[in-house]
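The exercises below ask you to work through backbone geometry and sheet topology with the coordinates open beside the text. Try each task before reading its solution.

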Amino acid sequence: MRPRSLKWLLVSRLVTLQAGMIAVVLLLVIAAIWSTGYLLDEYEGGSLDVLADATERDPTGGLALRETPELAHLRAKAPDLWFMVRDTQGHRLQEGNIPAAYLPVVAVLDQFSDARLSDRPELAGKPDAVIKWVESPAGRVQILTGTKGQMSVQRLARGISGGFVLVMLPIIVLMALATSLATPLVVRRALAGLGRTVAQAAHIEFDKRGAQLEVNDVPAEIGPLVSAVNDTLSRLDAGYERHQHFLAQAAHELRTPIAILNARVAALPAGQDKRDLLEDAARLTTLAGQLLDLQRLDQKRNDFLPVNLTAMAKQVLFDLGPLALDAGYDVAFEPQCDEVLVTGDQTSLERALTNLVQNAIDHGGRQGTITVRVGKSGFVEVCDEGNGIPWSEREQIFEPFNRLGSEGRGAGLGLNLVREIMQLHDGSIAVVDVATKGACLRMSFPAAPSA
C-alpha cells in the first residue's frame with residue numbers, strides 16, 4: 001500500500017472538522033431557538049403554510065381545500081379558524097368568520113401584496129392576521145388568514161436544508177478550498193526542517209562516521225524519531241570502529257608469521273611445491289597489506305596526493321614479474337604515456353593493482369601473456385588469456401567471499417578489497433571486453449589533475 005500523504009490527510013480531516021463544527025453550531029442555534037418556543041409561538045405563517053399546501057383545484061377549475069393531516073391538526077387546535085383564498089382568475093374560497101376589523105381589507109385585496117395586520121394601536125410582536133401571495137398546488141394564490149398555526153417539523157427541516165444548501169454549503173466549500181490551498185503551504189513550512197534532515201540522511205555513507213541528523217529544525221513530534229536515528233548512527237559508528245580495529249589488529253598480527261613463512265619457503269629447493277607455496281604466501285601478504293591499507297585510508301582520506309599510474313604499474317609488475325614467469329606466463333607492459341596522474345594513496349593503489357595481477361596469475365590458466373595497460377584517460381587494465389569471466393558472474397566476483405568455480409584459490413576477498421579501495425578513491429573496478437580471450441579488469445579513476 002502507498003503511504004498516505006500527510007498534507008491531504010490534514011486537509012481532509014480539517015475540512016471534515018470544519019463542516020462538522022458548522023453543522024453542530026447550526027443545530028445548537030436551532031435547538032436554542034426551538035427551546036424558547038419562538039418557532040412555535042411567534043411563527044406567524046403556520047396557518048398560511050398549511051392552507052397553501054392544502055389548496056387545490058376542483059373539477060370545475062375553482063379553488064378547494066384538500067383535507068390534509070396538517071389541516072385537520074390546525075382545525076383541532078384552532079376551532080375558530082378563518083381564512084380567505086383567491087387566485088388571479090377571481091376564484092375565491094372562504095371559511096370561518098373573518099373578524100370585523102379586517103372585513104374592509106377583503107374588498108381591497110387587489111391593492112395588497114404582503115401585509116401583517118393587527119387591531120392593536122401599535123403592531124408589536126406576532127400579528128393577528130397576514131396577507132400573502134404564495135405558491136400552492138392550485139397555482140399562485142393570495143391568502144388572508146389568522147396566525148393561529150405553528151411551524152411544522154417537516155417545514156422546519158425543509159427550511160434548514162434549504163438554508164444549508166444556499167448559505168452553509170457555499171461557506172463549507174469556500175472553507176474547503178481555502179484549507180486545501182493553505183494547508184500544503186503550512187505543512188511545507190512546518191516540515192522544512194525535516195526536508196533538510198532527509199537531505200542530510202541521503203548523504204550519509206557507510207565510511208563517513210560521526211554523521212548526525214539535525215534535530216533542532218524538525219517539529220517537536222518528529223524530534224524523538226530523529227534522535228533515535230542519531231542514537232542508532234552512533235551505535236553503528238561504535239560497531240564499525242570495533243570492526244575496523246579487529247581487522248587492523250588481525251592483519252598486523254598476520255604479518256609476522258607470513259614473513260617467517262616466506263623466509264622458510266625461500267630456503268626450500270626449487271620445484272613446483274616451492275612455486276605454489278610462494279604464490280600462496282604472496283596472496284597472504286597482499287591480503288594482510290590491503291586490510292591495513294583500508295583501515296589507514298579510512299582515517300586519512302583527505303591526505304591524498306598525486307600518483308603516477310605509469311610508474312606505479314611499472315613497479316608492481318617489476319615486483320610480481322618473476323612470480324608470473326615462474327608460473328608459466330609471459331608479461332607485457334603497455335603504457336600510453338610516461339605520466340598519468342591521479343589523486344590518491346600510492347600504497348593502497350599499489351596493493352589494489354598487486355591484487356589484480358595476483359588474480360590474473362591464479363586464474364589465467366598458467367599460459368599466455370599477462371598484460372598491464374595504463375591509459376592516458378586515467379585507467380589501469382590487467383588482462384590475461386585464460387578462460388575469462390562469464391557474463392553472469394561479472395558483478396558477483398566483486399562481492400566478498402565469492403570465488404569463480406570450486407577450484408578457486410584464496411578466501412574470495414581480493415577483488416572485493418580492490419573495489420573498496422577504488423570506492424575510497426571515487427573510482428571503479430569493472431570487467432571490460434577485449435578482442436583476445438581471457439579476462440580483463442580495469443581500474444578507472446576520476447578526471448586526473450594537471451601534471
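Helices (H or I, at least four residues) and strands (E, at least two) are DSSP runs, numbered from the N terminus. The model is predicted.

**Exercise 1.** Determine where Arg366 and Asp426 lie, and classify each as buried, partly exposed or exposed.

*Solution.* Begin with Arg366, which sits in the loop between α11 (346-363) and β11 (369-375) and has a positive phi of about 55° although it is not a glycine. The relative accessible area of Arg366 is 34%; since partly exposed covers the range between under 20% and over 50%, Arg366 is partly exposed. Turn next to Asp426, found in the loop between α12 (414-424) and β13 (428-431), where a positive phi of about 60° again belongs to a residue that is not a glycine. With a relative accessible area of 58%, Asp426 is exposed.

**Exercise 2.** Establish the strand order of the open five-stranded sheet, and explain why β9 and β13 each have one side without a neighbour in the sheet.

*Solution.* The order reads β9-β11-β12-β14-β13, and the pairing is mixed. β9 (330-335) and β13 stand at the edges with a single partner strand each, so one side of each is left without a neighbour in the sheet. On average, neighbouring strands of this sheet are turned by 15° against each other, direction ignored. At the β9 edge, β9 and β11 run parallel and are joined by six bridges, and Pro335 has Val374 in β11 as its bridge partner.

**Exercise 3.** Identify which strands α10 and α12 lie across.

*Solution.* Helix α10 (residues 309-326) lies across β9, β11 and β12 (379-383), running at about 175° to β9. Helix α12 lies across β13 and β14 (440-444), and its angle to β13 is about 140°.

Notes: Residues numbered from 1 in each chain as written. Predicted model: local features only at pLDDT ≥ 70, side-chain atom pairs only at ≥ 80, totals over all residues. Heavy atoms only, no water. Buried < 20%, exposed > 50% of the residue type's maximum accessible area, 1.4 Å probe, protein only. Pairing = 2+ DSSP bridges. Axes fitted to C-alpha atoms, helices over the stretch in contact; angles between N-to-C directions. Contact = heavy atoms within 4.5 Å.
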